[in-house]
Amino acid sequence: MTMVRLIYTSQLSENCGVPEVRSILKAARVNNQKIGVTGLLCYDPTHFMQWIEGERNIISRLYHSIAADPRHTNVVLLDYGEIFQREFAKWSMAYVNPGDVSQDIILRYCSSIELNPYSMSAEAARSFMLDIAQMKRSTLDSDI
């Protein structure tokens, strides 16, 4: 079985607010556990940025489903690659609010203090997500 990592970003649709994001997060945690997917979701009022990892065929089907979801638009694949081990094995779907991310971390990967995932290279997207995951590991896991 080949495992992969996929990182994408997207813009939230006008009709997608906090209640919808809560619903997405709740469903992802339940469904991902059933299909062996782990990852991290970063959400702010305008963007999603998500890292998902698992078996290649499952991640491929999941990404196609995510890309077709009308709650967001402009879905852009930032990074995709084979992995030998999971980064987020303990999280069916962890959540980080960019408001909780230090400006120092954002400035490492963006040209301003505004998070702009569309401007990130694949390497920057991976590093950013790993940095915020490290921050998440040092705090209690919380929902939005």
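Reader: Why is N74 called buried, exposed or partly exposed, and which value decides this?

Author: The relative accessible area of N74 is 42%, and the rule calls a residue buried under 20%, exposed over 50% and partly exposed in between, with a 1.4 Å probe and protein chains only. Since 42% lies between the two cut-offs, N74 is called partly exposed. This is a predicted model, in which local features need pLDDT of at least 70 and side-chain atom pairs count only at pLDDT 80 or more, while totals for chains, interfaces and linings use all residues. Residues are numbered from 1 along each chain as its sequence is written, and side-chain values use heavy atoms, with hydrogens and water left out.

Reader: Where is N74 found, and what is noted about its phi?

Author: N74 is found in strand β4, where the word strand stands for a DSSP run of E with at least two residues, a helix being a run of H or I with at least four, and both are numbered from the N terminus. Although N74 is not a glycine, its phi is positive, at about 50 degrees. The sign is worth noting because most residues other than glycine have a negative phi.

Reader: How do you know whether T9 is buried or exposed, and what does its side chain reach?

Author: T9, which is found in strand β1 (residues 3-12), has 0% relative accessibility and therefore counts as buried. Its side chain reaches the backbone oxygen of F48 at 2.8 Å. A polar contact is a pair of N or O atoms within 3.5 Å, where within protein one atom must be able to donate a hydrogen and the other to accept it, and where residues adjacent in sequence count only if both atoms are side-chain atoms. The pair from T9 to F48, at 2.8 Å, is therefore a polar contact. Leaving aside neighbours within four places in sequence, T9 is in contact (heavy atoms within 4.5 Å) with residues including H47, F48, N74 and Y118.

Reader: What makes G39 count as buried or exposed, and which residues is G39 in contact with beyond its neighbours in sequence?

Author: G39 has its place in strand β2 (residues 38-43), and with 0% relative accessibility this residue counts as buried. Apart from neighbours within four places in sequence, G39 is in contact with W51, I52, F88, W91, S92, M93 and A94. One of these, S92, is found in the loop between β4 (72-83) and β5 (94-96), and the side chain of S92 reaches the backbone oxygen of R29 at 3.2 Å.

Reader: How many disulfides are there, and how do you know that C42 and C110 are bonded or not bonded?

Author: A disulfide is a pair of cysteine sulfur atoms within 2.5 Å, and by this rule the count comes to zero. The sulfur of C42 is 10.0 Å from the closest cysteine sulfur, which belongs to C110, and this is too far for a bond. Both cysteines count as buried, because the relative accessibility is 1% for C42 and 9% for C110.

Reader: What is the volume of the largest pocket, and which residues are closest to its centre?

Author: The volume of the largest pocket is about 420 Å³, and of its 20 lining residues, I24, A28, L62, I66 and R71 are the closest to its centre. Here a pocket, found on a 1 Å grid over the protein atoms alone, is an open set of points with protein on both sides within 12 Å along at least five of seven lines, and lining residues have an atom within 4 Å of a point. Helix α1 gives the most to this lining, with eight residues, and I24 has its place in that helix.

Reader: How do you know whether R71 is buried, partly exposed or exposed, and what does its side chain contact?

Author: R71, placed in the loop between α2 and β4, has 28% relative accessibility and therefore counts as partly exposed. The side chain of R71 makes a polar contact with the side chain of D69 at 2.5 Å. Although I24 and R71 are 47 residues apart in sequence, they are 9.7 Å apart in space, C-alpha to C-alpha, and I24 touches both F48 and R71 when residues up to four places away in sequence are not counted.

Methods:
1 Å grid on protein atoms, 1.4 Å probe; cavity = no way out; pocket = protein on both sides within 12 Å on 5 of 7 lines; lining within 4 Å. Points joined across faces, edges and corners; volume = space filled by probe spheres on them.
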